[in-house]
Amino acid sequence: MIFVTHDLPVNEPGEPVLSRANVWDGLVLKANNALPFVPSMTYCEVTDRISDTVFDRDIDFRGARFTERITMEEPHRVTFTRIAGPVLGTIANELEGPDEDLRLRFSFALVVTGVEGGSAQEQEYADSMTGDYLKAVAATLAAMRRIAAGEAVTA
């Protein structure tokens with residue numbers, strides 16, 4: 001199993017200041033359509049609305065198709081549980097810290113099917129996923145800043 005967690009500051013000097021509500025709204029947008037937020041994703045479609053806060057979506061990420069169950073826990077966490085595809089597990093985006101030091105944490109606990117746990121191949125996948133997710137979190141925050149500045153964000 002691969003487990004990684006990182007956090008990034010939400011607000012950077014010289015950038016539009018984002019409130020907790022701004023970031024939450026951005027996470028909701030990302031959950032419904034991640035294409036403007038995740039550079040490595042090429043397809044994202046909600047396929048089943050189970051409730052206002054739980055739904056399934058299909059995505060293409062790094063050339064592979066996945067089905068994810070999204071669970072939104074307002075105002076602090078969105079969990080993406082991979083229920084079908086070549087890599088299963090859970091990815092979480094969480095808002096942490098006080099408003100003056102707001103941070104966005106991403107964590108993932110994933111199992112790559114067909115890859116031996118603890119192997120060099122698993123570590124290589126973990127390293128590449130970490131890089132992709134750091135880019136995705138940075139892109140997510142950049143898109144949220146554009147939204148806060150009144151710009152349109154499209155896929």
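Which residue of strand 7 does Leu95 stand opposite? In this predicted model, the residue opposite Leu95 is Leu104. The close-ups below follow the strands around this pair.

**View A. Strand 6 and its enclosure.** Strand 6 covers residues 87–96. It has 10 residues, and seven of them are buried. Buried here means under 20% relative accessible area. Strand 6 is therefore largely enclosed by the rest of the structure.

**View B. Strand 6 beside strand 7.** Strand 7 spans residues 103–112. It runs antiparallel to strand 6, and 10 bridges pair the two. Leu95 and Leu104 face each other across this pairing. Six residues lie between the strands in the hairpin. Gly97 in this hairpin has a positive phi near 85°.

**View C. Strand 5 beside strand 6.** Strand 5 takes in residues 77–84. Its pairing with strand 6 is also antiparallel, with six bridges. Look for Phe80 and Ile91: Ile91, in strand 6, is the bridge partner of Phe80. Two residues separate the strands in this hairpin. There, Gly85 adopts a positive phi near 135°.

**View D. Thr67 and its surroundings.** Thr67 belongs to strand 4, residues 64–73. Its side chain makes a polar contact of 2.7 Å with the side chain of Asp58. Leaving aside residues up to four places away in sequence, Thr67 touches Arg57 and Asp58. On the same terms, Thr67 also touches Thr81, Arg82, Ile83 and Ala84.

Definitions and conventions: Residues numbered from 1 in each chain as written. Predicted model: local features only at pLDDT ≥ 70, side-chain atom pairs only at ≥ 80, totals over all residues. Heavy atoms only, no water. Buried < 20%, exposed > 50% of the residue type's maximum accessible area, 1.4 Å probe, protein only. Helix = DSSP H or I, 4+ residues; strand = E, 2+ residues; numbered from the N terminus. Pairing = 2+ DSSP bridges. Polar contact = N/O pair within 3.5 Å; in protein donor to acceptor, adjacent residues only side chain to side chain. Contact = heavy atoms within 4.5 Å.
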